[in-house]
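Colleague: I'm new to reading protein models and would love a close look at one part of this one. Could you pick a single strand and walk me through its surroundings?

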Amino acid sequence: MVLITAVRDYINRMLQDISGMKVLILDSHTVSIVSVVYSQSDLLQKEVFLVELVDSISMSKEPMSHLKAIYFLRPISENIQLMRRQLANPRFGEYHLFFSNMLRDTQLHNLADSDEHEVVQQVQEFYADFVAVDPYHFSLNMASNHQYMLPAVVDPSGLQHFCERVVDGIAAIFLSLKRRPVIRYSRVSDIAKRIAQEAAKLMYQQESGLFDFRRTEVSPLLLIVDRRDDPVTPLLNQWTYQAMLHELMGIQDNKVDLRNIGKFSKDQQEVVLSSEQDAFFKANMYENFGDIGMNIKKMVDDFQQVAKSNQNIQTIEDMAKFVDNYPEYRKMHGNVSKHVTLVTEMSKIVEERKLMLVSQTEQELACNGGQGAAFEAVTNLLNNESVSDVDRLRLVMLYALRYEKDSPVQLMQLFNKLASRSPKYKPGLVQFLLKQAGVEKRAGDLFGNRDFLNIARNMARGLKGVENVYTQHQPLVFQTMESIVKGTLERCGLSLCWKSFSANQASGGVLNSKRFLKDLEEAQRIARTSASVV
């Protein structure tokens, strides 16, 4: 699943088939889609000399008839209305319209009616309606989607808009990959069921012809799961490079904003982290924090050797060689400075918040039994002045999820301790978590204490010990992928969407495609090491 390649191919087709000077016009959604896969220098090479947002174009009246306008927009009503107004008074010589998803017939007719000056040269659908943060992960950049856990609070129109956006994004993924999936969803989740059924209706009924691609040996499997099935993973501190950066500093559209963390030079206030453009990040994004320090030291040593050789310029040939290698030297200097800065700041946060101490208890709560020892460990950390308020809250949440049915007296003691030590976090937050994602609301076997095979596996792991106590937890999605291989997804609480299966796929047999198993093995590795990013 090369998601970045799929989006880049679409953008390449937009830009290279239109010759001459161009302006690229985006909306608030597509600017993120483009920025994570295309750099400013890439755009300049395609003769794009101006990039604007569609709403700012509406406010300007300066004619630019020498430029060809390439619009890349989501096909939403707001953008269609903006386009209609701009076509009524065109500023550019040509208009080439590309939409990131399926365009309705009524929208197309409205655009045609507005093109009285006949400046529109083409209208196409390019299915890049998702932010491809790396080859294996994408985001729909939907802010505050956790609020849809609150059906009594959220308005129906807002919930419908949320579902439509998710279905649109899923549809774009599979259209760009030219596949039609089998769909399964979390059995106990109403919102997962709704999204699965609407996606199946779109792919197998409304737009069946559009999704009618050549059949493959094994159809892709789309799993729609609810975060409530695994509330533990996002509560744990992460210890691999990409996941730690996202957890401690935040990654948005492959950028880390350092302005609120410390005082940095202007060129370091926002740094770009792209596995496609940064070889060090690509090689180390899933490495453990301890290994990152050693790898950065090696990178610094290599850079010092290069810098030392550049100081010994004695001949014209040496000078010419330095000039030829200067762009690569500058890039190497920028990468060294960037990663040293990031790891230094993360190390400060780890030390200030005593995260190694906190994380050890988190991992014990998530992976091992022993309520008495867990209660004592959490109580000690709640009393530790160096532990931050948010880490105290997370510890109590983890304890509550693990032992919600075992000892209400001890749980209440931790609620009271949390309220006294971190008064801005009320015990009601933990109780709300249990109400929304407690054992009664979850499908599957989150802690591995229901199924005999899972219990035996946990005992064996405990007897053997673990190589790294900070990374022993495996997200529930990892176990789900094992069930895919074994053909036992029904045991995971995942139902088959009735619109989207054929007779041979409904049998639940073991999948044995070599290509599928290879992709699955890679997905399992990523699931272990990038839990907080997904």
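**A close look at strand β1**

Modeller: Let's start with which way the side chains go: from β1, Lys-22, Leu-24 and Leu-26 point one way, Val-23 and Ile-25 point the other way, and all of them are buried. Keep in mind as we go that this is a predicted model. Strand β1 covers residues 22-26, and five of its five residues are buried, so the rest of the structure largely encloses it. "Buried" here means under 20% relative accessible area.

Now, who sits beside β1? One partner is strand β2, residues 48-53, which pairs with β1 in the parallel sense over five bridges. To find that pairing on your screen, go to Lys-22: its bridge partner in β2 is Val-48. Another partner is strand β3, residues 64-73, and here too the pairing with β1 is parallel, over five bridges. Lys-22 is handy again, with Lys-68 as its bridge partner in β3. Step along to Val-23 and you'll find that its bridge partner in β3 is Ala-69.

Let's follow β3 outward. Seven of its ten residues are buried, so β3 is also largely enclosed by the rest of the structure. Beyond its pairing with β1, β3 is joined by seven bridges to strand β4, residues 92-99, and these two run parallel. A good place to check this is Tyr-71, which stands opposite Leu-97 in β4.

There is some surface to look at around here as well. Met-21, Leu-44 and Phe-49 make a nonpolar surface patch of about 300 Å². Of these, Leu-44 lies in helix α3, which spans residues 40-45.

It helps to set β1 against another sheet in the model. Have a look at the open sheet of three strands, whose order is β9-β8-β12 and whose pairing is mixed. Its edge strands are β9 (221-224) and β12 (494-496), each pairing on one side only. On average, neighbouring strands of this sheet are turned by 30° against each other, if you ignore direction. Strand β8, residues 182-186, pairs with β12 in the antiparallel sense over three bridges, and Ser-186 stands opposite Leu-494 in β12. Across β8 and β9 lies helix α8, residues 190-206, running at about 165° to β8.

Helices have buried residues too. In helix α17, residues 427-437, they are Pro-427, Val-430, Leu-433, Leu-434, Gln-436 and Ala-437. These buried residues pack against α15 (389-403) and α16 (408-421). For a single residue, try Asn-335 in helix α12, which runs over residues 316-352. Its relative accessibility is 15%, which is why Asn-335 counts as buried. If you leave aside neighbours within four places in sequence, Asn-335 is in contact with Asp-278 and Met-299.

Finally, zoom out to the whole chain. The protein chain has 21 helices and twelve strands, and buried residues make up 46% of its 534 residues. Take the contacts between residues at least 6 apart in sequence: 79% of them join residues at least 24 apart. As for the outside, the chain exposes about 27,900 Å², with carbon and sulfur atoms supplying 52% of that area.

Notes: Residues are numbered from 1 along each chain as its sequence is written. This is a predicted model: local features need pLDDT of at least 70, side-chain atom pairs count only at pLDDT 80 or more; totals for chains, interfaces and linings use all residues. Side-chain values use heavy atoms; hydrogens and water are left out. Patches are made of residues with over 30% relative accessible area and no salt bridge: like charges are joined within 9 Å, nonpolar side chains (Val, Leu, Ile, Met, Phe, Trp, Tyr) within 5 Å. Accessible areas come from the Shrake-Rupley method with a 1.4 Å probe; for residues, only the protein chains shown count as cover. A salt bridge is a side-chain nitrogen of Lys or Arg within 4 Å of a carboxyl oxygen of Asp or Glu. Helices (H or I, at least four residues) and strands (E, at least two) are DSSP runs, numbered from the N terminus. Buried means under 20% relative accessible area, exposed over 50%, partly exposed in between (1.4 Å probe, protein chains only). Contact means heavy atoms within 4.5 Å. Two strands pair if DSSP finds at least two bridges between them. Axes are lines fitted to C-alpha atoms, for helices over the stretch in contact, and angles run from 0 to 180 degrees between N-to-C directions.
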